[in-house]
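Good morning. I will take one structure today and walk through it piece by piece. Please have the sequence and the view open.

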Amino acid sequence: MNTITKDFRGIVCPVNFAKTKLVLAQMEKGDILELFIDDGSAIKNLPGSVENEGHKVLSKKEEKTGGWCIVIEKG
């Protein structure tokens, strides 16, 4: 199992979801993606969109420095 970290803060929705899909497509089932995104539409839309693609959101944590950290397991 591998863990990949990506920082997509500053990237608008839905571009951040498209970039997330590209990263997940290159990963193996069970790998972990630690993703940093902005507050607002990104945190409202991206977790559900990822789950609709068959992946599992393991956690969502608001960062003290702004934005969110989402941990995703590739399905």
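T20 touches F8, L33, L35, L46, V50 and I72, leaving out residues up to four places away in sequence. This is a predicted model, so please hear every value as computed from it. T20 is found in helix α1. Is T20 buried or exposed? Its relative accessibility is 0%, and T20 therefore counts as buried.

Staying in helix α1, the next residue is F17. F17 has a relative accessible area of 17%. Buried means under 20%, so F17 is buried as well. Which residues is F17 in contact with, once its neighbours within four places in sequence are set aside? They are L46, S49, V50 and E53. Take L46 from that list: it is 29 residues from F17 along the chain, and the C-alpha atoms of the two are separated by 6.1 Å.

E53 was also on the list. E53 lies in the loop between α2 and β3. Its relative accessibility is 40%, and the class of partly exposed runs between 20% and 50%, so E53 counts as partly exposed. With residues up to four places away not counted, E53 touches F17 and K21. Now compare E53 with I72, which is 19 residues away along the chain: their C-alpha atoms are separated by 12 Å.

On to helix α2 itself, residues 41-52. How far apart should the ends of this helix be? At 1.5 Å a residue, its 12 residues should span 16 Å, counting one less than the number of residues. The end C-alpha atoms are 17 Å apart, which agrees.

Which residues of α2 are buried? They are A42, I43, L46, P47 and V50. Looking down the axis of α2, these buried residues fall within an arc of 100°, so they line one face of the helix. K44 and N52, on the other side of α2, are exposed.

What do the buried residues of α2 pack against? Their partners are α1, residues 15-25, and three strands: β2 at 32-37, β3 at 56-62 and β4 at 68-73. Just after α2 comes G54, with a positive phi of about 100°.

Now the sheet. Strands of a sheet pair through backbone hydrogen bonds, either parallel or antiparallel. In what order do the four strands lie here? The order is β1-β2-β4-β3, the sheet is open, and the pairing is mixed. β1 and β3 are the edge strands, each pairing on one side only. From one strand to the next, the twist averages 15°. Helix α1 packs on this sheet and touches β1, β2 and β4. The direction of α1 makes about 165° with that of β2.

I will go through the pairs in sheet order. Strand β1, residues 3-7, pairs with β2 in the parallel sense, over five bridges. One position to find in the view is I4, which stands opposite L33 in β2. L33 is also among the residues that T20 touches. Together, β1, α1 and β2 make a right-handed β-α-β unit.

Next come β2 and β4, which run antiparallel and are joined by six bridges. I32 has E73 in β4 as its bridge partner, and I37 stands opposite W68 in β4. How many residues of β2 are buried? Five of its six are, so to describe it in words, β2 is mostly covered. For β4, too, five of six residues are buried, and that strand is mostly covered.

The remaining pair is β3 and β4. These strands also run antiparallel, with six bridges between them. S59 stands opposite V71 in β4. The hairpin of β3 and β4 has five residues between the strands, and in this hairpin G66 takes a positive phi near 105°.

To recap, please find T20 again. T20 is buried in helix α1, and its contacts include L46 and V50. L46 and V50 are among the buried residues of α2. T20 also touches L33, L35 and I72. F17 is in contact with L46 and V50 too. Behind these contacts is the open sheet, in the order β1-β2-β4-β3.

Key
Residues are numbered from 1 along each chain as its sequence is written. This is a predicted model: local features need pLDDT of at least 70, side-chain atom pairs count only at pLDDT 80 or more; totals for chains, interfaces and linings use all residues. Side-chain values use heavy atoms; hydrogens and water are left out. Helices (H or I, at least four residues) and strands (E, at least two) are DSSP runs, numbered from the N terminus. Buried means under 20% relative accessible area, exposed over 50%, partly exposed in between (1.4 Å probe, protein chains only). The arc is that of the directions from the helix axis to the C-beta atoms. Contact means heavy atoms within 4.5 Å. Two strands pair if DSSP finds at least two bridges between them. A crossover is right-handed if, with the strands pointing away from the viewer, the path from the first strand over the helix to the second runs clockwise. Axes are lines fitted to C-alpha atoms, for helices over the stretch in contact, and angles run from 0 to 180 degrees between N-to-C directions.
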